[in-house]
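Below is a short walk through one protein model, taken in chain order around its first helix. Please have the backbone and side chains displayed.

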Amino acid sequence: SDLIKVHKAADGKITQVVEYGMRQFIADEPPPVGEGSGPSPHDLLDSALGVCTAMTVMLVAQRKQWPLEDVRVEITHDEDDKTYRLARKIELVGTLTEEQRQYLLGIANKCPIHRALHKTFEISSALV
């Protein structure tokens, strides 16, 4: 996968610039910790599942030439010491049969980020 670089923005208390390839965006925390000038780290994690879900379902429907016009995904989360719970609501817009709708719901569970989130994560850190 692509290298992600993160560094402090020129302005803002803790605003960060996230660079990927030749592009970039801002991440931040909402007030009072930050200024809310971009998505928070939790927003980024949760939105990865939403984006991956929508893209995967849309690609499969397009490949099958099904009349799917849009995939609208809502993600919420709550957590405790042991569990990070993601709740995903998926709206399939288009004149699909119930069989097609159920098939695409199954496809949502096969998106790469959904699969990744079910794996054990190992993170190594080193000072440069």
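The paragraphs below deal with backbone geometry, a helix and an aromatic pair.

This is a predicted model, in which local features need pLDDT of at least 70, side-chain atom pairs count only at pLDDT 80 or more, and totals for chains, interfaces and linings use all residues. Residues are numbered from 1 along each chain as its sequence is written, and side-chain values use heavy atoms, with hydrogens and water left out. Helices (H or I, at least four residues) and strands (E, at least two) are DSSP runs, numbered from the N terminus.

Start at the loop between β3 (23-27) and α1 (41-63), where Pro-32 is placed. The peptide bond from Pro-31 to Pro-32 is cis, its omega being near 5°.

Next comes α1. Its 23 residues should span 33 Å at 1.5 Å a residue, and its end C-alpha atoms are 33 Å apart, which agrees; the expected span is 1.5 Å times one less than the number of residues. Among the buried residues of α1 (under 20% relative accessible area; exposed is over 50%, partly exposed in between; 1.4 Å probe, protein chains only) are Leu-49, Cys-52, Val-57 and Val-60. The buried residues pack against β4, β5 (84-94), α2 (98-108) and α3 (112-117), contact meaning heavy atoms within 4.5 Å.

After α1 comes Gln-65, with a positive phi of near 55°, although Gln-65 is not a glycine. Gln-65 counts as exposed because its relative accessibility is 72%.

Trp-66 lies in the loop between α1 and β4 and Tyr-103 in helix α2, so their ring pair ties together parts 37 residues apart in sequence.
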